[in-house]
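Trainee: Before we use any of these labels at the bench, could we go through them and ask what each one rests on?

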Amino acid sequence: MSGQDRYAGLLAAAASLTSEELLDVVEDAQREIDAAHARQAVALAHLSATEPVRQEDGTTVEVHRGLGHQRLDAPELAASRLGVSVHVATTRVEDAVRQLTRTPALVDAMAAGVLDLRRAAVVTDETEFLDAGDAAAVVDALAPHWAGVTVGPLRRLAARTVARFFPGSVAAEADRVRARRALTRVTGEHGVDTWRGDVLVEQSRPAWAAVTELARRLVREGVADSLAQARSDAMMRLILEHSDVRVVVHTTRAADTADAQPEQAAGLRGNPAARPRAANEDWVEVGGFGAPGTAFVPADAVGPANGPADGRIRPHARSGLVCDRGTGALVGGHVPAGLAPGRDLTRTAPIALTDDSGAPACTTYRIPAAMVRFVRLRDGSCRFPGCSTPARQCDLDHVRPWPTGPTSTTNLICLCRRHHRIKQRDGWTLRLHPDATITWTDPTGRTSNTTRSTTSTSQPPPLHTRRRPSTSARIRVRPCRDGTSTSASSTRTSPSSSPTTTPERPDTGATDQAPAGTSPSTHTSPARHR
């Protein structure tokens, strides 16, 4: 009986089953899920060990390098099949390789349906810094206990077991963990962001007490509804009251038919989603707060587009930036040098990105500073599907290698160092469309479309992803669709053809312009995400 037949049978009979019978179905289904994850782990580990090798006759064959080998683009190939981001896929591939080569008992337990993926990942995390023999010993000690504990207790049990068996290794790992402390932020979609911090414990305890003390006062004053909410407000007060930071919002206007290239103009006329829509008077959708995506903020926090703002967010509406109505990508205007942190925000003299005939303004390989600012502002982050590395940490890459492809805004994209290298591998191709959407094709023929905010839609079948207007900047307002202009001038982009690329040779890493102040190791080890 197929899975679909079993599903249909359960739907028909579920209302007549007893509680015990329904729980048996739940348990059996969980065992099947665990076993499927074991098969996935085996497949991912062997995918990572398989490398395409180009032969002398130009054909490509796949060679198995042995378990433990880590293929550079394995996470990128697996991400769309798993339905997860590249960062999550990287963790899945790394865990699968470690489990198959260091602790195969974990995979055996998943295959038997007695250990789920999350608990297996916990054990893998807690034994990551041990050598293979020591990690296997810890797994053997945990095996009699993991069936009866959930994720949190299992993590604590694994940590205690490691500390009891190998105290020297734990002490060394503690030093490494303290050195890797960090604070990260995820841009929220509905007016709030998420912060995650790894803080030194000797600083965390008194800092938490200080936040809680102020939070209790805010609750007593009626400023917050709960202590948890008040802690969030208290932490922001303690930080902002001891800083002098101002956020500058760069406004854009939606392109009309006169601003757009021929292909874009046709899309505007035929795309209902690109038609003007009334803006909400209470909230403003803002993007570019140092991370991909956008967030809603109260309109009074930003202030009028051409007037002063009393708060920390100050509008700046003289850049003349023009965006595509369908994707929000920049298609015209100039990016003032003052957009960079600490620069003069009044420097707004336009810098042409094309000449009078519409040809690329730059005929050399080296990318002019004005063009660098424009492309980084337009893209916001790495343009590989699912990657959120900020544009300031990315290389600027020619989609079609120079000199076959021009140095122009319509042939340049931001790619982190890792995905710059992957683009150069056999089988990877991409096409940059006039609306700044990119279509990627992997070595298996699977395609994904990405907008400037790194949203991706994986196919087959082909599907062109459209999002509401969005541009990226150090800080900028998400463009309105009402076509209202707050800019003084704009320029056309380069010719509207869609450049495509095939892998550059040889695969020696990034070859185009790298961001200032970055090293060749940029983004070679993505953060772990579950």
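Mentor: What follows takes a few labels in turn and sets each value against its cut-off, bearing in mind that this is a predicted model.

Trainee: Why is Thr407 called buried?

Mentor: Thr407 has a relative accessibility of 0%, and because buried means under 20% relative accessible area, the label applies to this residue, which sits in the loop between β10 (395-398) and β11 (412-415).

Trainee: What makes the pairing of Thr407 with His398 a polar contact?

Mentor: The two side chains come to 2.9 Å, and since a polar contact needs a pair of N or O atoms within 3.5 Å, one able to donate a hydrogen and the other to accept it, the pair qualifies.

Trainee: Why is Trp195 called partly exposed?

Mentor: Trp195, in strand β4 (residues 194-197), has a relative accessibility of 37%, and because partly exposed covers the range between buried, under 20%, and exposed, over 50%, that is the label Trp195 receives. Trp195 also belongs to a nonpolar surface patch of about 440 Å², together with Leu183, Met235, Ile239 and Leu240, and the largest share of this patch, three residues, comes from helix α11 (residues 227-240).

Trainee: What makes Glu21 eligible for the negative surface patch?

Mentor: Glu21, in helix α2 (residues 19-49), has a relative accessible area of 38%, and because patch residues need over 30% and no salt bridge, Glu21 passes on area; the patch itself is formed by Glu20, Glu21, Asp24 and Asp28.

Trainee: How do you know that Arg425 and Glu51 form a salt bridge?

Mentor: Their side chains meet at 2.8 Å, N to O, and because the cut-off is a side-chain nitrogen of Lys or Arg within 4 Å of a carboxyl oxygen of Asp or Glu, the pair counts. This salt bridge links distant parts of the chain, with Arg425 in the loop between α15 (417-423) and β12 (429-432) and Glu51 in strand β1 (residues 50-54), 374 residues apart. Both residues are buried, and they take part in a network of salt bridges that also includes Arg71 and Asp73.

Trainee: What makes Asp397 and Lys423 a salt bridge as well?

Mentor: The closest N and O atoms of Asp397 and Lys423 are 2.9 Å apart, so the pair falls within the 4 Å cut-off. Asp397 lies in strand β10 and Lys423 in helix α15, 26 residues apart, and both are buried.

Technical notes
Residues are numbered from 1 along each chain as its sequence is written. This is a predicted model: local features need pLDDT of at least 70, side-chain atom pairs count only at pLDDT 80 or more; totals for chains, interfaces and linings use all residues. Side-chain values use heavy atoms; hydrogens and water are left out. Patches are made of residues with over 30% relative accessible area and no salt bridge: like charges are joined within 9 Å, nonpolar side chains (Val, Leu, Ile, Met, Phe, Trp, Tyr) within 5 Å. Accessible areas come from the Shrake-Rupley method with a 1.4 Å probe; for residues, only the protein chains shown count as cover. Lys and Arg count as positive and Asp and Glu as negative; His and the chain ends are not counted. The place of a charge is taken as NZ of Lys, CZ of Arg, CG of Asp or CD of Glu. Helices (H or I, at least four residues) and strands (E, at least two) are DSSP runs, numbered from the N terminus. Buried means under 20% relative accessible area, exposed over 50%, partly exposed in between (1.4 Å probe, protein chains only).
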